[in-house]
Amino acid sequence: MRIAIKPYRPEHDVDVNSLFAMNYLQELADNAHLVLSFAKRDIRAKYKQTILGVAWAVIQPVSLMIVFTLVFSLFARVPSEGIPYPIFSYSVLIFWTFFATSLSQGTVAMTANATLVRKIYFPRETLLLAVMLSALVDLGVAGLILVAMFVYYQVALSWAALWVIPLLALEVLFVLAVILMTSSLQVYFRDMGHALPLLLQLWMYASPIAYPLTSVPEWLRPFYLLNPMAGIIDGFRRALLHGEHPDFTYLGIACPVIVIALAGAYLFFKRAERTFADVI
Amino acid sequence: MRDIVVTFSHVSKRYELHRKLARAALFNDAKRGDTFWALRDMSFEIERGATIGLIGPNGAGKSTILKILSRVTVPTEGSFAVKGRLGALIEVGAGFHPELTGRENVYLNGAILGMRKREIDAKFDEIVAFSEVEKFLDTPLKFYSNGMMVRLGFAVAAHIDPDVLLVDEVLAVGDTAFQAKCLNKIAELKEQDRTIVLVSHAMPSILQHSSRVLWIDHGTIQAYGDPDETVESYLRTVHTHGTEATEELTAPSDSPIHITRVTVRNADGHANGSLKYGEPASVDIVYTVTQPVDDPVMSLTFHDVRDFPLGGLTSRFDGIRLDASQGSSTVRLILSPVLFTRGSYGVTVAIQDSRIQRYMDMRPRAATFMVDGPSVASREVSGHFVLPHRWELHPQDGR
């Protein structure tokens, strides 16, 4: 029996000069299943032949929480807006870990899959989406610890906690914009990979994770908030711990930054992608 | 009306060399660094149902054509079109992950090659049966043997069901039985009027499968037409037959004995490098002895066009003792008759010590020649030789 299946990698008639006209998003949608396959591969491969397995998803944010609690709560007294410092930091650390994991794995996604990129065509951004998907699974696991902490510290959640969903969506779009840039730069300049750990560390301290956003001096805030992660992280904390909606002024700065970054990064990526195989 | 499925029109591809590569590729800056044109203004068309053999020396641009067709890279200039779904048997199993099981890898690799999940579901049993790894489906791939991995990779790739299939040298994977399976799969695709682009250095497989041959060199088309004729003209450029064959060979360093000239002659005694199947031919080897040598042994090895040894013999095998007195001597090997199939061949000549352990002189590809004879393109013979043989018919066996 022959099963008729419509070929869905569309017929291609490629004119170099009209590549921009190709419908990237349509092609990406056609390859949604490929994103899932890559994500499954990444998740399965990440925890195979480890003893602790998926516990590693929790270990990173929990260790950071312990260090932060010791340093910023016990040694130096950083204000935590009347909230127990462990939950004050952990509630946003899991979202930061999602950002950091996506960024560090997304940046090297092309070079780590160099054999594939060199040999086979597929929309390359599927590799990035897969990295983010697998980091989202880790976030889910780390979130379970957060739930336990809510119970332990008897912090009540309000309906405002639902703001986490749009905030996470914003964060996802922003991460995507960043790794679209960094992963293509990494193909051309391996310096990107070397700079990354430093960049991530600076970025973490430039975001209100270990300290509340209110401790940033007023005059500095307009610049401080140009970092979209600042408004987003602050939003998570408001929604989860204070039962408030995010500060729309802050997000009002973050949103356009994210939209512009994403559009620019995607076009840049699709242009750079054409010669990945020649350079990687 | 002709049904064209692949069109290349004025395609050029420039690669940037050296350290400026990154900047140049990113900013499309032609001024910086050295550039290399892998393809130059190349135009051709392929009709539906054709099997095109793509031949040319290393670096001619064959893999660049495949890369452009499969969209791994884009041309620098010009445009191309492919009608329908394209599949590539290029690097089978490139997407395999060692930690995943065979089953998971079939799905992953299928997805990478462009199959949807339900499509893989539908063909899963067929793929597994083809690969012959049923028993190890739930074993991580890292425990597979190399052969199993290649078979699984080929099995997935062969079931993409493409309209245009690119095949690069994969006919050489697996054991003979598996190769036969692969060839049958290709024949099946041909019967379904699929278009195939076959890249190989093995002229017999090119001749056996192609309906037309595209010969390229230095990024431009040299010829595009009849397989036998095109392959032959290509081989003539690979070997400058006849001239090189009689050339005086340069003397080696301190060896007591050396080969000075190797000449291949046809039945008429001409050293023009073209022999005929079924007719006698000879190889004359002139050697010079400068110091006394104890019972030297002459050995000859015949090669195909890729220098793959096909067979050889020594003077010892036939109980011949060479004349080892000082001065110049000639020894003649007579092939009676020539049993090579149509194609291009080379011969390596060496002189070894009496125990056939050390080389005293060795001349790789000392002479080359073309043979006119039965062609594997006819599919009536295969390989490089037709062995001495006869047939007997025994009708109604046993009665």
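Which residue takes a positive phi just after H11(A)? Keep that in mind as you open the structure, which is a predicted model.

**Stop 1: helix H11 of chain A**

Select residues 228-242 of chain A to bring up helix H11. The 15 residues of this helix reach 20 Å from the first C-alpha to the last, close to the 21 Å expected at 1.5 Å a residue. Now show what surrounds it: H11(A) is largely enclosed by the rest of the structure, because 14 of its 15 residues are buried. Step just past the end of the helix and you reach the residue asked about above, A:Gly243, with a positive phi of about 65°.

**Stop 2: helix H4 of chain A**

Next, select residues 85-107 of chain A, which form helix H4. At 1.5 Å a residue, its 23 residues should span 33 Å, and the end C-alpha atoms are 32 Å apart, so the two values agree. Look along the helix for A:Leu93, where a kink of about 30° is centred. H4(A) is also mostly covered, with 20 of its 23 residues buried.

**Stop 3: the largest nonpolar core**

Show A:Leu128, A:Ile233, B:Leu89 and B:Leu166 together: they have the most contacts inside the largest nonpolar core, a set of 143 residues. Then add residues 164-188 of chain A, helix H8, which gives 13 residues to this core and is its main contributor. In chain B, domain 1 (4-237) and domain 2 (244-378) both give residues to the core, so it lies between them.

Zoom in on B:Leu166. Setting aside neighbours within four places in sequence, B:Leu166 is in contact with B:Leu66, B:Leu69, B:Ser70, B:Ala88, B:Leu89, B:Ile90 and B:Val197. There is also a second, separate core of 23 residues; to find it, select B:Ala281, B:Tyr345, B:Ala350 and B:Ile351, which are among its members.

**Stop 4: the two domains of chain B**

Pull back to see chain B as a whole, with its 8 helices and 17 strands. Of its 399 residues, 41% are buried. Among contacts in chain B with a separation of 6 or more, 70% are between residues 24 or more positions apart.

Colour residues 4-237 as domain 1 and residues 244-378 as domain 2, following the domain assignment of chain B. Taken over C-alpha atoms, the centres of these two domains of chain B are separated by 38 Å. Where they meet, 8 residues of domain 1 of chain B are in contact with 8 residues of domain 2 of chain B. On the domain 1 side, the elements giving two or more residues are helix H7 (203-209) and helix H8 (227-238) of chain B. H7(B) provides the largest share of that side, with 4 residues. By type, the residues on the domain 1 side divide into 5 nonpolar, 2 polar and 1 charged.

**Stop 5: B:Pro204**

Finish on B:Pro204, which you will find in helix H7 of chain B. Is B:Pro204 buried or exposed? It counts as buried, because it has 21 C-beta neighbours inside 10 Å. Now label B:Val376 and draw a distance between the two C-alpha atoms: B:Pro204 and B:Val376 are 172 residues apart in sequence, yet 6.0 Å apart in space. Leaving out residues up to four places away in sequence, B:Pro204 touches B:Val376, B:Ser382 and B:Gly383.

How values were computed: Residues numbered from 1 in each chain as written. Chains lettered and ligands numbered in written order. Predicted model: local features only at pLDDT ≥ 70, side-chain atom pairs only at ≥ 80, totals over all residues. Expected span 1.5 Å × (residues − 1). Buried ≥ 20, exposed ≤ 12 C-beta atoms within 10 Å, placed from the backbone. Domains from an automatic or database assignment. Contact = placed C-beta atoms within 7 Å. Nonpolar A, V, L, I, M, F, W, Y, C, P; charged D, E, K, R; others polar. Core = buried A, V, L, I, M, F, W, Y, C linked by C-beta atoms within 7 Å. Bend = angle between axes of the 7 residues up to and from the residue.
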